[in-house]
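Colleague: Please take a close look at the strand region in the middle of this chain. I would like to know how it is held and what surrounds it.

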Amino acid sequence: MMRFTDPSPLFVSAWTLFLPPNHNQALSRYSKRSSIAFATRMLLTRAAQLQLQHQTIARRLASPDAFDAAQRRLRKQKRHWSATTAISMIQSGGVSGQGAVPFRNIGKAEMKEILEDYTEGGREDSQYCVIDVRTEEEVQYTGKLAENVYTLPIQTIMRYNAFAMDDDDFEEAFGFEKPQYDETIVFTCKSGIRSVYACQAASMAGYSNLINYMGGSSEWFHS
C-alpha cells in the first residue's frame, strides 16, 4: 500500500487548485484531527474526485466555446445568430448533442411575479429557488434582482458539476442549501444565455422544474 509522507508546499499548492473555495478551512480541520499524512490523503482523494467530475462535465456539458461552434454552423446555414437562436438550439439539443433540455422561458412580467412570491414566502412556501449565474463582480455592479436571490456563477457550476454534488458539500461550498428536486429552479444572468447553460447543467443532474429568465439583468435594470 502506498505510504504518504510530508508533501512539499509546491505539491500541496498544485493540488489545491482542484479544491473548492473553502478548501483552506477543510485542510485546517483535517490537520487538527490527525497527522499531515491523513490530511494529504483527504486532499488527494478530494482532488481526484473533483478532477473526475471536471472531466465528466467537460465531456457532457457544453461549454461557452460551444456557442462559437454553433455560431459558425449558423453562418454556414446563413441564419442570424441571436440569444433567441442560441436558446432554441440548446433546448432542442442542437449545441450539446445531449438531447432536448426541458426548461421554460419567461419574461420580465412573470419574473416579477415569481420574485414577489419568492420574497414573501421564501423557498419553502414559494417552492422557488432563484439563482443568478453572473459573476460576483457583475452582481455587485448592478445589485441583485431581489435580496434573497443566490449568486452561483456559471463557471463555478460547470467546474464543480455543482448540481451533482451531495447536499452537505454543496451547502458548505456555496453557502446555501442545495435545491431540492421538487423545487423549481429559476436561473437568471445578464441576457438569458448563461442561464440556459445553467438549465442544461441542472437538467443533467436530474432536475426537471427549470425556468430561464430570458431578459436577465440587462432587461431587469434597464427597461
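**A strand and its surroundings**

Modeller: Arg134 and Asp132 form a salt bridge, with their closest N and O atoms 2.8 Å apart. This is a predicted model, and the description below should be read in that light. Both partners of this bridge, Arg134 and Asp132, are buried.

Asp132 is also a residue of strand S2 (residues 128–132), and five of the five residues of that strand are buried, so S2 is largely enclosed by the rest of the structure. The burial holds on both faces: Tyr128, Val130 and Asp132 lie on one side, while Cys129 and Ile131 lie on the other.

S2 has strand partners. With S4, the pairing is parallel and runs over five bridges; within it, Cys129 has Ile185 of S4 as its bridge partner. With strand S3 (residues 150–151), S2 is again parallel, joined by two bridges. Here Asp132 is partnered by Thr151 of S3. Asp132 therefore belongs to a strand whose five residues are all buried, and its salt bridge to Arg134 comes on top of that backbone pairing.

The approach to S2 has a feature of its own. Gln127, in the loop between H6 and S2, has a positive phi of about 65° although it is not a glycine. Gln127 is not buried like the strand residues: its relative accessible area is 31%, above the 20% limit for burial, so Gln127 counts as partly exposed.

Further salt bridges occur in the structure, as the whole-structure search finds four. One of them joins Glu183 to Arg123, with the closest N and O atoms 2.7 Å apart. Glu183 lies in the loop between helix H9 (167–174) and strand S4 (184–188), and Arg123 in helix H6 (residues 108–126), so this pair ties together parts that are 60 residues apart in sequence. Glu183 and Arg123 are both buried. Another salt bridge is formed by Arg194 and Glu138, whose closest N and O atoms are 2.8 Å apart. This pair also links distant parts of the chain, as Arg194 is in helix H10 (residues 194–204) and Glu138 in helix H7 (residues 136–142), 56 residues apart. Arg194, at 22% relative accessibility, counts as partly exposed, and Glu138 does as well, at 21%.

S2 also contributes to the nonpolar interior. Ile131 is among the members of the largest nonpolar core, which has 28 residues, that touch the most other members; the others are Ile157, Phe163, Phe174 and Phe187. Two or more residues of this core come from each of S2, H8, H9, S4 and H10. H10 gives the largest share, six residues. Phe174, leaving aside its neighbours within four places in sequence, is in contact with Leu152, Thr156, Tyr160, Ala162 and Met165. There is also a second, separate core of 14 residues, including Ile106, Met111, Leu145 and Tyr213.

One more loop residue can be set beside Gln127. Asn161 sits in the loop between helix H8 (154–160) and H9, and its phi is near 50°, a positive value in a residue other than glycine. Asn161 is buried, with a relative accessible area of 11%, whereas Gln127 is partly exposed.

Technical notes: Residues are numbered from 1 along each chain as its sequence is written. This is a predicted model: local features need pLDDT of at least 70, side-chain atom pairs count only at pLDDT 80 or more; totals for chains, interfaces and linings use all residues. Side-chain values use heavy atoms; hydrogens and water are left out. A salt bridge is a side-chain nitrogen of Lys or Arg within 4 Å of a carboxyl oxygen of Asp or Glu. Helices (H or I, at least four residues) and strands (E, at least two) are DSSP runs, numbered from the N terminus. Buried means under 20% relative accessible area, exposed over 50%, partly exposed in between (1.4 Å probe, protein chains only). Two strands pair if DSSP finds at least two bridges between them. A nonpolar core is a set of buried Ala, Val, Leu, Ile, Met, Phe, Trp, Tyr and Cys residues joined through side-chain atoms within 4.5 Å. Contact means heavy atoms within 4.5 Å.
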